[in-house]
Amino acid sequence: MYTGSNTPNTFGTTQTVEVIARTWATQGTEKNSVNHTERQLDTWLTSQGDDFLRRITAMELHSRYSACTNCTDVLIGLRRKLPSAVLVFHWRDLYVPKDDSPSRRRQVSQTAAAYLSELEKVGWRLTGRRS
Ligand SMILES: [Zn+2]
């Protein structure tokens, strides 16, 4: 296995390249996740094209928070784009908006056990805190 940089592989061995993408929430609310970390990753991955997506064998996400409701849907969509890849999502804190959150959709936006189950059903391996 060759795990060098993006320089051409002249060794005649299988080439594996690790790509590290850093995305972060730049804006957004609990109602609108357009600028959430997961959505930005999805947008970037999609913009790389189908050839790039077909070459992904594994993806590991590290996040401070678990996914909100909208981003859970984004991650389920990522599974469809990467049907055979190993997908791992690790977060530090379960996403639960503060009690004084202005959002009326607080219960919809926060991570719920049902959403985590949905992610596991489609093959995400989850390693974050559940409470
Ligand atoms: Zn989100």
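## Strand pairing

Phe89 stands opposite Leu126 of strand β3. This is a predicted model, and that pair belongs to a parallel pairing of β2 with β3, residues 124-126, built on three bridges.

On the β1 side, β2 (residues 86-93) is joined to β1 (residues 58-65) by seven bridges. These two strands also run parallel. Two facing pairs can be named here. Met59 stands opposite Leu87 in β2. His62 stands opposite His90, again in β2.

## Overall layout

The chain holds five helices and three strands. Read along the sequence, their order is α-α-β-α-β-α-α-β. Within that order, β1, α3 and β2 form a β-α-β unit, and the unit is right-handed.

The chain has 131 residues, and 18% of them count as buried. Contacts reach far along the sequence. Take those between residues at least 6 apart: 66% of them join residues at least 24 apart.

## The nonpolar core

The largest nonpolar core has ten residues. Its members are Ala67, Cys68, Cys71, Leu75, Leu78, Phe89, Tyr95, Tyr115, Leu119 and Trp124. Two helices, α3 (69-81) and α5 (113-121), each supply at least two of these residues. The largest share comes from α3, with three residues. In soluble globular proteins, nonpolar side chains tend to be buried together.

Phe89 links this core to the strand pairing: the residue is a core member and stands opposite Leu126 in β3.

## Helix α3

How far apart are the end C-alpha atoms of α3? They are 19 Å apart. The helix has 13 residues, which at 1.5 Å a residue should span 18 Å, so the two values agree.

Which residues of α3 are buried? They are Cys71, Thr72, Leu75 and Leu78. Seen down the helix axis, the buried residues fall within an arc of 110 degrees, so they line one face of α3. Cys71, Leu75 and Leu78 also appear in the largest nonpolar core. The cover over the buried residues of α3 includes α1 (37-47), β2, α5 and β3.

## Helices α1 and α2

The buried residues of α1 are Thr37, Glu38, Arg39, Gln40 and Leu41. Among the elements that cover them are β1 and α3. Helix α1 in turn is part of the cover over the buried residues of α3. After α1 comes Gly49, with a positive phi near 95 degrees.

Helix α2 spans residues 50-54 and includes Asp50. Is Asp50 buried or exposed? Asp50 has 9 C-beta neighbours inside 10 Å, so the residue counts as exposed. Asp50 and Lys81 are 31 residues apart along the chain, and their C-alpha atoms are separated by 8.9 Å.

## Arg64 on strand β1

Arg64 lies in strand β1. There are 12 other C-beta atoms within 10 Å, so Arg64 is exposed; the cut-off for that class is 12 or fewer.

What does Arg64 touch, leaving aside residues up to four places away in sequence? The contacts are Trp91, Arg92 and Asp93. Trp91 sits 27 residues from Arg64 in sequence, yet the two C-alpha atoms are 5.2 Å apart in space. The strand that holds Arg64 is the one joined to β2 by seven bridges.

Terms used:
Residues are numbered from 1 along each chain as its sequence is written. This is a predicted model: local features need pLDDT of at least 70, side-chain atom pairs count only at pLDDT 80 or more; totals for chains, interfaces and linings use all residues. A nonpolar core is a set of buried Ala, Val, Leu, Ile, Met, Phe, Trp, Tyr and Cys residues joined through C-beta atoms within 7 Å. A residue is buried if 20 or more other C-beta atoms lie within 10 Å of its own, exposed if 12 or fewer, and partly exposed in between; C-beta atoms are placed from the backbone. Helices (H or I, at least four residues) and strands (E, at least two) are DSSP runs, numbered from the N terminus. Two strands pair if DSSP finds at least two bridges between them. A crossover is right-handed if, with the strands pointing away from the viewer, the path from the first strand over the helix to the second runs clockwise. The expected span of a helix is 1.5 Å times one less than its number of residues. The arc is that of the directions from the helix axis to the C-beta atoms. Two residues are in contact if their C-beta atoms, placed from the backbone, lie within 7 Å.
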